[in-house]
Amino acid sequence: MNRRRVKDGKTEYVTSRTIRIKFAGQMLPQEVFLFKIRHEVRSYIPLPRICYACHRVGHVSAACKSTPRCLHCGNDKHNEASVCQMQDEASKCINCKGNHWANDRTCPDYKTTSHC
């Protein structure tokens with residue numbers, strides 16, 4: 001099986017090692033046979049989404065209903081004329097107060113959401 005990938009405006013087909021199959025019902029089979037070959041079935045758990053408007057986990061900016069926040073200070077987003085005073089400071093998450101940015105996938109808030 002191949003998947004299509006567009007790179008530098010050119011379409012190419014790359015061999016894929018995974019496929020996604022939807023099953024009806026609540027129970028997943030342990031295996032399926034495709035083209036007379038047995039394949040193990042594993043459940044697909046997508047990564048949580050991060051909003052780049054409010055910098056919270058669980059939705060994207062197109063669906064964000066919150067006020068856009070500054071990644072550095074957590075206050076309302078600054079206009080183009082003003083610069084955040086905390087922009088040159090060390091990274092600090094506005095969600096969990098850890099030593100990383102709010103859009104970092106090592107954030108405990110992100111990890112907690114990804115195991116739901």
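**Exercises on a predicted model**

E31 sits at 35% relative accessibility, so it counts as partly exposed. Keep that in mind while working through this predicted model.

**Exercise 1.** Find out which residue forms a salt bridge with E31, and whether that partner is buried or exposed.

*Solution.* Start with the pairing: R38 is the partner, and the closest N and O atoms are 3.2 Å apart. That fits the cut-off, which asks for a nitrogen within 4 Å of a carboxyl oxygen. Next, check the partner's surface: R38 has 53% relative accessibility, so it counts as exposed.

**Exercise 2.** The structure holds 2 salt bridges; work out which side chains meet in the one with an N to O distance of 2.7 Å, and how open they are.

*Solution.* The side chains here are those of R5 and E12. R5 has a relative accessible area of 34%, which makes it partly exposed. E12 comes in at 32%, so it is partly exposed too.

**Exercise 3.** Describe the order of helix and strands, then decide whether the chain is spread out or a compact globule.

*Solution.* Count first: there is 1 helix and there are 4 strands. Reading along the sequence gives β-β-β-β-α. Now compare sizes: the radius of gyration is 21 Å, well over the 13 Å from the globule rule for 116 residues, so the chain is more spread out than a compact globule. For the dimensions, the C-alpha trace spans about 65 × 40 × 25 Å along its principal axes.

**Exercise 4.** State what share of the residues counts as buried, and how many side chains are positive and negative.

*Solution.* Of the 116 residues, 18% count as buried. For charge, tally 20 positive and 10 negative side chains; the centres of the two sets lie 9 Å apart.

Notes:
Residues numbered from 1 in each chain as written. Predicted model: local features only at pLDDT ≥ 70, side-chain atom pairs only at ≥ 80, totals over all residues. Heavy atoms only, no water. Helix = DSSP H or I, 4+ residues; strand = E, 2+ residues; numbered from the N terminus. Rg over C-alpha atoms; globule rule 2.2 N^0.38 Å. Buried < 20%, exposed > 50% of the residue type's maximum accessible area, 1.4 Å probe, protein only. Lys, Arg positive; Asp, Glu negative; His and termini not counted. Charge placed at Lys NZ, Arg CZ, Asp CG, Glu CD.
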